[in-house]
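Biologist: Could you take me through the salt bridges in this protein, please? I would like a close look at that part, with some of the surroundings as context.

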Amino acid sequence: MTTKLFFQAITKFLLGFVLVVLLIFLPAGSLKFFKGWLFMGILFAPITIAGIIMMLKSPALLEKRLNGKETKKDQSLVVKLSGLMFLSGFIVAGLGFRFNWYTLPFGFTICGAIVFLLAYILYAEVMRENAYLSRTIEIQENQKVIDTGLYGIVRHPMYSATLLLFLAMPLVLGSVFSFLIFLAYPFIIAKRIKGEEELLEKELEGYKEYKEKVKYRLIPFIW
């Protein structure tokens, strides 16, 4: 771990924290939005723990996760659409608290928090299994097909984990309208998976055989 990587990670963490606070609590018009603070806790506590573990045990993976930037036009669009989804979803959740729009009962918040944390554990397991994970779609030097563990169930378990994570977010915030916005994510990620698999089939040895072995991309027995 280098000093540069440490400060880069801390800077991005703080910027992300401040951005999410602003997106949720400014529209809410109050700091008394309890569900917003609960969401902040379950979002940033695991990120902090994961970041510390990667700093100590896998700084190369942390660097890849921090510095990845899409260059392909279609995948850049996917990233932008995801960003728009987050912006609008968080803002709408905050506005829902301010104007007392229809909100979900607190039981949904608790269930959403449980699903979110379980999905984060799933995400961490994927990162443990696959050292080639990157924020961008690319083939890395000496990359090999991973076909064990979660990769023996679906071909893209990281996206399966993020699907659960992102759909749980509006439930924690208790916002029906925010949940409807986040329902765009399965369609966004389906486009990304299509582009990723086209590249993997062309450039990663053994990936075509892996596709025949593991039939489902994202959700077992469905797709």
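Modeller: Happy to help; what follows goes from the chain as a whole to the salt bridges, and then to a few other places.

Please keep in mind that this is a predicted model. The secondary structure of the chain consists of 9 helices and 0 strands, so the pattern along the sequence is simply α-α-α-α-α-α-α-α-α. Of the 223 residues, 42% are buried. Among contacts with a separation of 6 or more, 78% are between residues 24 or more positions apart. The chain exposes about 12,600 Å², and carbon and sulfur atoms supply 69% of that area.

Now to your request. Side chains of opposite charge can pair when their charged atoms come close. How many salt bridges does the structure hold? There are 5 salt bridges in the structure.

Let us start with the pair formed by Lys-213 and Asp-147, whose side chains meet at 3.4 Å, N to O. Lys-213 belongs to helix α9 (residues 207-213), while Asp-147 sits in the loop between α5 (106-129) and α6, so this salt bridge ties together parts that are 66 residues apart in sequence. As for their surroundings, Lys-213 counts as exposed because its relative accessibility is 55%, a value over the 50% cut-off. Asp-147 has a relative accessible area of 30%, which means that Asp-147 is partly exposed.

The next pair joins Arg-155 and Glu-197, with 2.7 Å from N to O. Arg-155 is in the loop between α5 and α6, and Glu-197 is in helix α8 (residues 185-203), so the salt bridge connects parts that lie 42 residues apart in sequence. Are these two partners buried or exposed? Arg-155 counts as buried because its relative accessibility is 5%, and Glu-197 is buried too, with a relative accessible area of 4%. Both residues fall in the buried class because that class covers values under 20%.

Glu-197 also takes part in a salt bridge with Arg-217, at 3.6 Å, N to O. This pair links distant parts of the chain, with Arg-217 in the segment after α9 and Glu-197 in helix α8, 20 residues apart. Arg-217 is partly exposed, because its relative accessibility is 27%. So Glu-197, itself buried at 4%, meets both Arg-155 and Arg-217.

These residues belong to a wider arrangement. Arg-155, Glu-197, Glu-201, Lys-211 and Arg-217 are linked in a network of salt bridges. If you want to find the network on the structure, Glu-197 in helix α8 is one place to begin, and from there you can follow the chain of pairs to the other members, including Glu-201 and Lys-211.

For contrast with all that charge, here is the second largest pocket. About 160 Å³ of space lies in the second largest pocket. Which kinds of residue line the second largest pocket? Its lining divides into 11 nonpolar residues, 1 polar residue and no charged residues. Helix α6 (residues 157-173) gives the largest share of the lining, 5 residues. Among the lining residues are Leu-122, Leu-150, Ile-153 and Val-154, as well as Leu-218, Ile-219 and Pro-220.

A buried position without a charge is also worth a look. Thr-109 is placed in helix α5 and counts as buried because its relative accessibility is 0%. Leaving aside its neighbours within four places in sequence, Thr-109 is in contact with Lys-35, Leu-38, Leu-171, Val-172 and Gly-174.

Finally, two residues deserve a glance for their backbone. Asn-100 has a phi near 55 degrees, a positive value in a residue other than glycine. Asn-100 lies in the loop between α4 (73-99) and α5, and Asn-100 is exposed, with a relative accessible area of 65%. Phe-221 also has a positive phi, near 70 degrees, in a residue other than glycine. Phe-221 lies in the segment after α9, where Arg-217 of the network is found as well. Phe-221 is exposed, with a relative accessible area of 73%, whereas Arg-217 is partly exposed at 27%.

Conventions:
Residues numbered from 1 in each chain as written. Predicted model: local features only at pLDDT ≥ 70, side-chain atom pairs only at ≥ 80, totals over all residues. Heavy atoms only, no water. 1 Å grid on protein atoms, 1.4 Å probe; cavity = no way out; pocket = protein on both sides within 12 Å on 5 of 7 lines; lining within 4 Å. Points joined across faces, edges and corners; volume = space filled by probe spheres on them. Helix = DSSP H or I, 4+ residues; strand = E, 2+ residues; numbered from the N terminus. Nonpolar A, V, L, I, M, F, W, Y, C, P; charged D, E, K, R; others polar. Salt bridge = Lys/Arg side-chain N within 4 Å of Asp/Glu carboxyl O. Buried < 20%, exposed > 50% of the residue type's maximum accessible area, 1.4 Å probe, protein only. Contact = heavy atoms within 4.5 Å. Areas by Shrake-Rupley, 256 points an atom, 1.4 Å probe, with all protein chains shown as cover.
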